[in-house]
Amino acid sequence: MNKVLENLNNKQIEAVEATEGRVRVVAGAGSGKTRVLAHRYAYLVNDLGIDPGNILCMTFTNKAAREMKVRISKLVHRAHVNDLVCTIHGFCVKFLRRDIHRIGYPSNFIITDEEDNKLLAKQVISEFQLDTKNITVKKFLSEVQLYKALNPYIETIILPESDLPQEEFQNDYVKRYIQLQQKNFMLDFNDLIYFTIYIMDRHEEPLNYWQQKLNYIMVDEAQDCSASDWDIINHLKGGYDNLFIVGDPDQCIYEWRGAKPDGFLSFPAETDIILNQNYRSTPNILDVANSIISHNVNRIPKDLFTKTEPSKIAIHYHGPSDDEEGNWIATQIEKLSENGMAYCDFAILYRASHLSRKIEQALLRKHIKYAVWGGIRFFERREIKDILAYFRLIAYKDDLSFKRIINTPSRRFGNVSMTRLQEIATYKNASLYDSLYKNINSGVFNKPSIVDFIRLIEGLTEKSKYIPVSELFDLILTQSGLEEMYRTEADNERLENIAELKQSILEYETANAEDDINLETYLQDIALYTNADYKNDGETVKLMTIHQSKGLEFPVVFVCGLSEGIFPSHRTIRERKKNGEEEERRLMYVAVTRAEKALFLTESEGYNAVTRSDKYPSRFLKEIKDDLLEIKGDLTKEELSQLFEGTQQLIDDIENDVIPTDLHIGDKVAHKFFGFGEIIEESSSTSYKVRFEKGERFIQSNFLTLWDGKKTLEELFPKRYNNSNGIGL
Ligand code: ATP
Ligand code: MG
């Protein structure tokens with residue numbers, strides 16, 4: 001039989017062979033959707049002779065794109081897996097590289113990540129002398145995003161011919177932020193999407209180019225596409241109208257971020273294919289998944305079955321504390337790996353990233369190697385940022401990079417020099433680097449260390465035109481003094497990260513050997529990646545949020561922190577009611593269906609700072625038919641059903657909205673001892689600085705009650721104030 005069609009069932013073969021027109025595959029988790037996509041790609045290339053350069057295959061995350069590439073490369077000649085197997089942002093970068101000049105940007109535009117955005121926001125905050133008590137960097141950036149979503153900012157601010165009066169920028173910090181982005185030709189992740197749509201809407205040539213090029217378009221995880229993702233897909237498919245989308249409505253977990261499952265459900269497919277055999281998980285695990293998701297009212301029922309070997313392992317562990325919960329997980333991993341399993345067979349999933357801390361401590365104690373996916377982004381680490389800033393300064397001469405490295409390592413370029421340079425730059429409307437370059441002979445700047453710096457950057461700029469990025473990397477490290485600086489700091493982790501970066505550059509060069517790559521294309525391509533996508537973390541246990549686990553699979557899966565209010569998140573339910581609850585349940589379904597052979601669901605007792613109450617097992621545990629889970633830990637079935645009464649109480653509280661809400665700066669609050677006050681600062685996620693009549697205090701959030709301005713202290717704290725002697729707290 002044809003290799004490409006081997007190991008596929010009839011429905012899957014039907015999907016692979018349905019190459020023409022609009023085809024939709026709707027199927028449950030682990031039913032081979034992604035497999036079909038990979039095989040279909042291979043079928044088009046190997047059997048129909050389609051050039052891979054004419055197939056666009058998009059998926060959701062970089063991890064998933066990488067997984068897709070691995071699967072495809074097993075089926076086709078290596079040279080046939082190209083860069084058009086990518087994420088939607090990855091595609092936008094390619095699109096913009098060719099056509100961003102239409103809105104006045106050079107093709108070597110800069111893609112900024114969260115940290116860059118924060119730096120720029122801070123710059124504007126200080127320029128406008130905004131009161132950081134009222135506007136945090138996070139809030140600032142979300143105002144920018146909201147503005148961009150609602151306003152035609154490309155027309156009014158970005159385009160070269162846009163002529164917003166200068167006062168608008170002086171009076172409006174959001175506009176000023178966008179103006180600075182424009183000045184430096186910087187795009188954040190959302191800009192990539194908006195710019196692409198803007199050009200597609202208005203310019204026929206690039207649209208035609210891509211429509212003619214893309215004979216076949218395939219999209220994985222289509223249930224999570226947002227309206228703008230669909231906009232891009234619909235523009236592209238215009239040429240040949242061969243669009244193949246696969247998805248699972250039960251795994252839609254990004255509605256909170258604007259995903260529109262309706263786009264998937266109402267897609268005008270000419271061929272619809274349903275896959276209903278699960279190949280990933282044991283029957284027991286699948287039963288657990290089905291029994292959870294069947295509690296969602298708003299869904300199309302699916303009949304997913306499996307023929308894989310039955311096994312018994314679906315376990316609920318209840319621990320006396322979160323330390324014990326972590327320990328228990330670590331012990332299971334230890335035992336199973338003694339019995340022949342490898343660390344990379346395990347994944348530990350959680351609802352929110354802060355839940356990883358206790359688990360990490362337990363793994364460390366037992367010397368189990370682990371990797372946290374999506375922790376600090378690799379490219380946000382200081383040492384990596386430093387080197388990339390050198391790269392960027394060489395390529396773009398931009399101010400952000402200049403500020404980052406002028407004193408890294410120290411060149412004694414002090415505040416006085418910087419202020420002077422800033423003045424010159426503003427006056428001449430030039431970049432900091434150019435201003436320094438032109439004024440290097442003037443008194444303040446004319447120091448050997450600064451002259452050397454200019455020489456270094458000029459020399460490397462010249463070389464960057466003909467040497468590979470990896471060689472440039474070596475030159476930067478040695479000639480700038482960075483390497484020496486890190487060695488003196490003797491921080492091994494930093495040195496390892498630097499070695500890792502070098503390795504990744506070499507891999508990048510090999511993977512793109514046939515393309516015309518240079519420093520700018522490299523910088524654009526890596527800007528889309530995070531640690532999780534890039535680092536090679538082979539023999540380790542993987543820790544990640546459930547959102548990051550989408551599309552992946554692991555032999556053994558632990559889902560931890562399954563306490564009511566944490567998972568499902570009571571905030572999501574409070575904000576989005578039934579829709580929020582159902583999305584949380586789909587998230588649980590995603591988590592459970594990642595497991596192939598064994599599934600452990602864990603939770604523990606203690607105090608829950610989020611709901612400000614004792615912890616009880618999640619409603620999702622309660623929903624699983626009790627013969628499907630084996631209970632571990634010091635707990636009988638009777639005790640568990642008692643705990644579930646607590647769960648029910650908490651569910652009622654959440655539903656009736658009596659769980660205390662989050663506090664914000666400016667909120668009026670009451671405290672049993674200090675009386676009424678106002679929140680003036682968030683000092684951490686669970687504590688606040690409050691201004692009371694008698695002075696300011698830092699108070700933990702669970703000691704504060706939101707005050708409606710009406711209730712008296714006696715009404716709010718009856719125990720304290722009705723006490724006859726007036727003391728006891
Ligand atoms: P998810 O919804 O989680 O993204 P999916 O539908 O994309 O899952 P895949 O990841 O493609 O599912 O497949 C799940 C597992 O089942 C993979 O390990 C895949 O190789 C295997 N598989 C799928 N179809 C078959 C088949 N016909 N024969 C053998 N194995 C299969
Ligand atoms: Mg998949």
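H39 is found in helix α2. The model in which this residue sits is a predicted one. With a relative accessibility of 7%, H39 counts as buried, because buried means under 20% relative accessible area. Leaving aside neighbours within four places in sequence, H39 is in contact with V4, E6, L8, V16 and L75. Between the C-alpha atoms of H39 and T636, which are 597 residues apart along the chain, the separation is 48 Å.

**Division into domains**

The chain is divided into domain 1 (3–95 + 197–277), domain 2 (121–182), domain 3 (287–369 + 538–655), domain 4 (380–517) and domain 5 (668–721). Taken over C-alpha atoms, the centres of domain 1 and domain 5 are separated by 53 Å.

**Two helices with a buried face**

Helix α1 covers residues 10–17, and Q12, I13, A15 and V16 are buried in it. Seen down the axis of α1, these buried residues fall within an arc of 160 degrees, so they line one face of the helix. The elements that cover them include β1 (22–27), α2 (33–47), β7 (243–247) and β8 (271–275). V16, one of the buried residues of α1, is also one of the contacts of H39.

Helix α16 covers residues 356–365, and its buried residues are S356, I359, E360, A362 and L363. Viewed down the axis of α16, they fall within an arc of 165 degrees and therefore line one face of the helix. On the other side of α16, R357 and L364 are exposed. The cover over the buried residues of α16 includes α15 (322–338), β12 (346–350), β13 (370–372) and β14 (541–545). Just after α16, H367 takes a positive phi of about 55 degrees.

**The second largest pocket**

The second largest pocket has a volume of about 1700 Å³. Its lining is made up of 45 residues, and K69, N82, D83, A511 and N512 lie nearest its centre. Domain 1 (3–95 + 197–277) and domain 4 (380–517) both give residues to this lining, so the second largest pocket lies between them.

Seven elements are named as supplying at least two lining residues each: α3 (62–73), β3 (85–87), α4 (88–99), α11 (204–213), α24 (492–511), α25 (519–526) and α26 (531–534). Of the contributions to the lining of this pocket, that of α3 is the most, with six residues. By residue type, the lining of the second largest pocket divides into 17 nonpolar, 13 polar and 15 charged residues.

**The second largest cavity**

The structure holds four cavities of 30 Å³ or more. In the second largest cavity there is about 70 Å³ of space. Its lining consists of T34, T59, A64, E67, M68, R71, D220, E221, G551 and L552. Helix α3 supplies the largest share of this lining, four residues. The lining of the second largest cavity divides into three nonpolar, three polar and four charged residues.

**Backbone features**

Most residues other than glycine have a negative phi, and most peptide bonds are trans. The table lists departures from this pattern.

| Site | Feature | Angle |
|---|---|---|
| T408 and P409 | cis peptide bond | omega about -5 degrees |
| F567 to P568 | cis peptide bond | omega near 5 degrees |
| D241 | positive phi | phi about 55 degrees |
| K577 | positive phi | phi near 45 degrees |

As for the cis bonds, P409 lies in the loop between α18 (399–405) and α19 (415–428). P568 lies in the loop between β15 (554–559) and α27 (570–592).

As for the residues with positive phi, D241 is found in the loop between α12 (227–237) and β7. D241 is partly exposed, with a relative accessible area of 25%. K577, in contrast, is found in helix α27. At 46% relative accessibility, K577 also counts as partly exposed, because exposed means over 50% and buried means under 20%.

Key. Residues numbered from 1 in each chain as written. Chains lettered and ligands numbered in written order. Predicted model: local features only at pLDDT ≥ 70, side-chain atom pairs only at ≥ 80, totals over all residues. Heavy atoms only, no water. 1 Å grid on protein atoms, 1.4 Å probe; cavity = no way out; pocket = protein on both sides within 12 Å on 5 of 7 lines; lining within 4 Å. Points joined across faces, edges and corners; volume = space filled by probe spheres on them. Nonpolar A, V, L, I, M, F, W, Y, C, P; charged D, E, K, R; others polar. Domains from an automatic or database assignment. Buried < 20%, exposed > 50% of the residue type's maximum accessible area, 1.4 Å probe, protein only. Arc of directions from axis to C-beta. Contact = heavy atoms within 4.5 Å.
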